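Me: Could you take me through this one and say what stands behind each label?

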Amino acid sequence: MIDVQKTLDTRTELIYALNEAAELEQGFMIQYLFAAMTMKKRLDERITGKQQELIRQWESQILSVAREEMAHLGMVCNLLSAIGGAPHFERPNFPQKAADYYPFDFILSPFSQETLYRFIRFELPKDEQLPDPPVPSSKSKLFELFAFAPDPIEYDYLSELYNQIRHGFNHIKEDELFIGPRSGQDYEYWSKRVQILNVKNRENANTVIDLIIDNGEGAPEKRDGSHYNTFLKMYKELRLEMQIQPDFDPSRPVVLNPRTRIHHRDTHLDGTFIKNESSRKVAELFNLCYETSLLMLSQLYSLGGESLSERGILRKSSRHLMTMAIRPIAEILTDMPISDKETDGNAGPPFELYGKLQLSTQEPNRWIILDELLDSIILGTKELSDSNQRFAFISENISLIQNNINETLSSEERL
Amino acid sequence: MTLLIKFAGWFQCRLPTAPDPTDEPRGVSGYAHALPNEPDFDRIIRLQPKLAIQRSYCQPIGVYVKTIWIDGTIKEDHPLLGGEVDFLENPKFEGRNNIVVEDDGYEAIFPLHIQIKKNNCLIRRKFKDNNIFPSSENGYNFKDFNQLKASGLHINPGIVSESTGIFDLSNVWKKRKEHIEKDLQTAANEIEMAALNSRINFLTRNLKSKNGLYNRFAYRMLYMISLTGSIIFQYPEKYFIGKPSINPESNEYEDWSLEFWCGGWDADSLSGYIEGYLGIPMSSDNETILKLNRDINEKIKEPLKRRF
């Protein structure tokens with residue numbers, strides 16, 4: 001873990017700090033996505049019409065924040081690339097206890113007051129106070145797992161870590177620091193609202209850091225629109241709704257930290273093993289899609305000789321994979337049983353990594369490996385089509401994505 | 001001889017919008033949402049009110065024949081006038097979040113199978129027989145699919161206003177919102193209230209903004225398609241004018257031209273306007289007409305009691 005009291009004076013220290021920032025952004029994003037995917041959609045899930053609309057708005061807001069975290073991750077990779085570092089998409093599996101790995105508990109938990117409270121902590125500005133903590137409910141397993149604050153936070157991770165990173169950028173000699181190729185960065189809109197900024201010099205680096213902090217916590221005089229304020233507002237709305245209807249539960253009965261493996265080397269803490277075979281198969285497929293998207297991003301952010309159009313297809317395809325496979329499969333999982341006992345709850349997207357991400361150093365091999373992964377996803381989704389029609393659609397779309405990539409590679413060969 | 005049919009009207013398509021995935025059932029992050037009292041989205045393009053989900057105070061769904069020309073002469077009393085126009089086989093706008101098209105506004109309508117019917121008149125034609133969506137089955141052949149694509153988004157406020165009769169959608173929305181707010185006072189149950197509130201919030205939010213979704217009303221997507229698939233062409237004998245032309249070389253029916261635009265999108269009703277023309281090359285079959293005339297003449301000569 002980075003000791004943020006120390007100033008960052010060397011390129012290596014700056015790279016380590018940026019690696020940590022990348023893991024945080026990805027970790028936050030995944031936890032936000034997980035919570036969003038657990039939210040109820042249908043009136044037959046014991047919600048009223050008004051609650052259905054409220055939940056939809058919350059889900060939309062969380063997904064919007066998650067997309068911005070994706071952009072933050074992209075910009076951190078640009079910061080790394082600018083100073084000669086490699087893009088960083090590694091992260092440990094869930095769960096992680098605060099102080100073991102990061103200053104926060106990293107848990108995959110369904111949408112609830114407790115979960116929102118953790119999200120508010122992630123994004124908390126230094127000069128703000130936490131709201132009143134939620135009253136632990138009998139259903140909440142979060143309180144059983146980890147203790148909640150009143151332990152003092154040693155540092156405000158987003159702004160303090162990024163300000164240390166800023167210090168490194170501002171104090172290491174500029175002409176020695178920025179050695180990365182300009183073409184080794186992503187620069188486009190990840191969606192209509194989210195643009196990733198390029199980093200060529202100290203000024204750009206400061207702009208990126210300002211943007212990330214501003215997105216996260218806002219400015220003291222203007223918190224509106226920040227992630228912190230979004231979660232705070234949501235927390236208050238949820239608490240109000242629960243005062244009106246104490247048994248209101250906006251999320252499906254998804255377990256904490258669902259897993260397809262009982263043990264992972266990078267966490268000594270238990271998750272919830274997905275005992276139901278069908279659910280576990282879908283969860284493994286989910287993990288495969290997730291790993292494939294990370295490899296695509298790794299390939300996009302590491303300049304290995306890919307042409308502009310090849311980088312373009314990687315960017316497009318990773319986005320398509322996230323929208324058309326990862327999100328639908330995550331939603332399907334939160335409606336599937338964790339075991340054969342209905343009272344045990346539902347499964348969820350595990351976001352597991354079974355090993356270190358390995359991007360081949362040879363460009364042609366990267367494409368071969370990517371093609372093999374897409375073949376596996378297509379086959380996996382086809383096999384599941386009988387159980388849920390959405391898989392047939394996903395399979396069709398992944399095939400089309402694969403075809404688009406192959407078409408691009410063929411055009412490059414012809415040139 | 002050419003039979004030219006003009007059609008127009010409102011269609012509905014209940015579909016999720018970006019950044020939601022194509023098969024998102026109820027809409028989350030995009031602007032389109034299924035209301036609490038509505039079923040999941042099905043993305044089907046509906047030109048007729050059957051199975052459409054009509055929201056209150058919105059344009060009624062229905063596309064009908066407006067004008068008929070035969071060889072350039074308008075036929076005021078043609079039996080097909082007012083006929084229902086429909087797309088069969090549950091077509092959808094296929095863009096798949098831009099996996100199969102280059103950008104918004106190029107979505108193909110797939111499959112394409114037009115039908116026009118009124119009383120005993122029935123005209124149908126498919127774009128192509130055996131038209132398969134690009135997949136590994138057909139070697140990802142996009143040649144046919146690309147012919148069903150639109151040509152991008154065009155901003156044509158004048159044409160859209162004149163055709164729809166709506167010159168300012170924001171005004172229409174203001175009035176609609178007033179009606180819905182009144183209905184809220186007498187909503188029958190909690191679900192209906194939630195649905196009405198959702199619409200009121202949507203309209204309020206958009207009316208407040210200069211960039212509100214009412215601006216999309218002026219956009220059109222243009223389609224120009226040659227229909228070459230199997231046909232049904234049924235006309236009662238008394239209206240007989242000929243039959244669809246057959247190309248003597250190929251012995252296949254001549255291509256029919258189908259040109260239309262979809263636009264005038266109303267993001268509250270999830271409906272848009274379609275206007276277009278179906279051109280059918282016809283051959284006047286002189287032998288058949290002569291035989292028909294002979295038959296009619298014979299019937300006129302028969303005593304009344306035997307005819308009835």
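Reply: Here is a short run through the core, the domains and chain B. It's a predicted model, where local features need pLDDT of at least 70, side-chain atom pairs count only at pLDDT 80 or more, and totals for chains, interfaces and linings use all residues. Residues are numbered from 1 along each chain as its sequence is written, while chains are lettered from A and ligands numbered from 1 in the order in which they are written.

Me: What makes a set of residues a nonpolar core?

Reply: They must be buried Ala, Val, Leu, Ile, Met, Phe, Trp, Tyr or Cys residues joined through C-beta atoms within 7 Å. Buried means 20 or more other C-beta atoms within 10 Å of a residue's own (exposed is 12 or fewer, partly exposed in between), with C-beta atoms placed from the backbone. The largest such core here has 171 residues, and Tyr32(A) is among those with the most contacts inside it.

Me: Which residues does Tyr32(A) touch, leaving aside its neighbours within four places in sequence?

Reply: Ile62(A), Val65(A), Ala66(A), Glu69(A) and Phe119(A). In contact means that the C-beta atoms, placed from the backbone, lie within 7 Å.

Me: Why is this core said to lie between domain 1 (1-253) and domain 2 (272-415) of chain A?

Reply: Both domains give residues to the core, so it lies between them. The bounds come from an automatic or database domain assignment. The C-alpha centres of domain 1 and domain 2 of chain A lie 24 Å apart, and the contact takes 22 residues from each of these domains.

Me: How much of chain B is buried?

Reply: Of its 308 residues, 36% meet the burial cut-off.

Terms used. Contact = placed C-beta atoms within 7 Å.
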